Amino acid sequence: MDLELALRMTEAALKQAVREGALVSVAVVDGGGHLVSFQRMAGAEIAGPVLAPGKAYTAVALRTATADLAPLVAPGGELFGLTGDRFVCFGGGVPLWADYGEGERVVGGVGVSGGTIAQDVACAEAAALVWRTR
């Protein structure tokens, strides 16, 4: 993950947010969950600067889309009790997988917060598409 690619991904998410009619914050992190790029649209909710990087970090740490975590963290789920200020277990975080023969490993993540869950997921997927088609 480099800055130029992370910025392109962030811009793709913001463009999707405009199409969705949402005001969002977008974070792109590297394989260690460290922030590479972050942008917040004017007027976006105040929780976005915490939730977007949290979603990206969670997607990297757990190697799964955050939209898939809700049933796992609910009572009786495999991850029930997962807590911490960095884990965000609702839609808008997407892991970015290695390719080009590097094996199956997560090398980054994107997180979006500020719209509905569906809008956040759509924006995160728009950013992930930039990763997959680079």
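**Exercise 1. Which pattern does the protein follow, read along the sequence?**

Solution.
Step 1. Count the elements. This predicted model has four helices and four strands.
Step 2. Put them in order. Read along the sequence, the pattern is α-β-β-α-α-β-β-α.

**Exercise 2. Which radius of gyration would a compact globule with 134 residues have, and what does the protein have?**

Solution.
Step 1. Take the expected value. For 134 residues, a compact globule would come out near 14 Å.
Step 2. Compare. The protein has 14 Å, which agrees.
Step 3. Add the outline. Along the principal axes, the C-alpha atoms fill a box of roughly 40 × 40 × 20 Å.
Step 4. Look inside. Of the 134 residues, 43% count as buried.
Step 5. Check how contacts span the sequence. Take contacts between residues at least 6 apart in sequence: 60% of these join residues at least 24 apart.

**Exercise 3. Work out how strand β1 is paired, and to which strands.**

Solution.
Step 1. Locate the strand. β1 covers residues 25–30.
Step 2. Find one partner. β2 (residues 35–40) runs antiparallel to β1, and five bridges join them.
Step 3. Inspect the turn. The β1–β2 hairpin has four residues between the strands. There, G33 takes a positive phi near 80°.
Step 4. Find another partner. β4 (residues 106–113) is also antiparallel to β1, with six bridges.
Step 5. Use A27 as a marker. A27 stands opposite F38 in β2 and opposite G111 in β4.
Step 6. Add a marker for β4. D30 faces G108 across the pairing with that strand.

**Exercise 4. Extend the pairing to β3. In which sense do β3 and β4 pair, and over how many bridges?**

Solution.
Step 1. Read the pairing. β3 and β4 are antiparallel, over five bridges.
Step 2. Match residues. P95 stands opposite G109 in β4. L96 stands opposite G108 in β4.
Step 3. Tie the strands together. G108 is the residue that D30 stands opposite, and L96 stands opposite G108 as well.

**Exercise 5. Judge β1, β3 and β4: how many residues of each strand are buried?**

Solution.
Step 1. Set the cut-off. Buried means under 20% relative accessible area.
Step 2. Take β1. Five of its six residues are buried, so the rest of the structure largely encloses β1.
Step 3. Take β3. Four of its five residues are buried, so β3 is largely enclosed too.
Step 4. Take β4. Eight of the eight residues are buried, so β4 is largely enclosed by the rest of the structure.

**Exercise 6. How many residues has the largest nonpolar core, and which have the most contacts inside it?**

Solution.
Step 1. Size it. The core has 24 residues.
Step 2. Name the residues with the most contacts inside it. They are M9, A13, V24, V26, V110, V112 and W131.
Step 3. Assign elements. α1 (3–20), β1, β3, β4 and α4 (117–132) each give two or more residues to this core.
Step 4. Rank. α1 gives the most, seven residues.
Step 5. Follow V110 outward. Leaving aside neighbours within four places in sequence, its contacts include M9, V26, V94, A124 and A127.

**Exercise 7. Describe the surroundings of F38. Is F38 buried or partly exposed?**

Solution.
Step 1. Place the residue. F38 lies in strand β2.
Step 2. Classify. A relative accessible area of 30% makes F38 partly exposed.
Step 3. List what F38 touches, beyond four places in sequence. These residues are S25, V26, A27, G48, P49, A52 and P53.
Step 4. Gauge a long-range distance. F38 and E11 are 27 residues apart in sequence, and 9.9 Å apart C-alpha to C-alpha.

**Exercise 8. Analyse the aromatic pair. Why is the pair of Y57 and F87 called edge-to-face?**

Solution.
Step 1. Search. The whole structure holds one aromatic pair.
Step 2. Take the geometry. The ring centres of Y57 and F87 are 5.7 Å apart, with planes at 65°.
Step 3. Apply the cut-off. Planes over 60 degrees apart count as edge-to-face, so the 65° pair qualifies.
Step 4. Locate the partners. Y57 is in helix α2 (residues 48–62), and F87 is in the loop between α3 (70–73) and β3 (93–97). The pair therefore ties together parts 30 residues apart in sequence.
Step 5. Check exposure. F87 is partly exposed, at 26% relative accessibility.

**Exercise 9. Which charged ends sit over the rings of Y57 and W131?**

Solution.
Step 1. Return to Y57. The charged end of R86 sits over its ring, 3.7 Å from the centre.
Step 2. Turn to W131. The charged end of R134 sits over the W131 ring, 3.7 Å from its centre.
Step 3. Link back. W131 is among the residues with the most contacts inside the largest nonpolar core.

Technical notes: Residues are numbered from 1 along each chain as its sequence is written. This is a predicted model: local features need pLDDT of at least 70, side-chain atom pairs count only at pLDDT 80 or more; totals for chains, interfaces and linings use all residues. Side-chain values use heavy atoms; hydrogens and water are left out. Rings of Phe, Tyr and Trp (its six-membered ring) pair if their centres lie within 6.5 Å; planes under 30 degrees apart count as stacked, over 60 as edge-to-face and the rest as tilted. Buried means under 20% relative accessible area, exposed over 50%, partly exposed in between (1.4 Å probe, protein chains only). A charge sits over a ring if NZ of Lys or CZ of Arg is within 6 Å of the ring centre and within 35 degrees of the ring normal. Two strands pair if DSSP finds at least two bridges between them. A nonpolar core is a set of buried Ala, Val, Leu, Ile, Met, Phe, Trp, Tyr and Cys residues joined through side-chain atoms within 4.5 Å. Contact means heavy atoms within 4.5 Å. The radius of gyration is taken over C-alpha atoms; the globule rule is 2.2 Å times the number of residues to the power 0.38.
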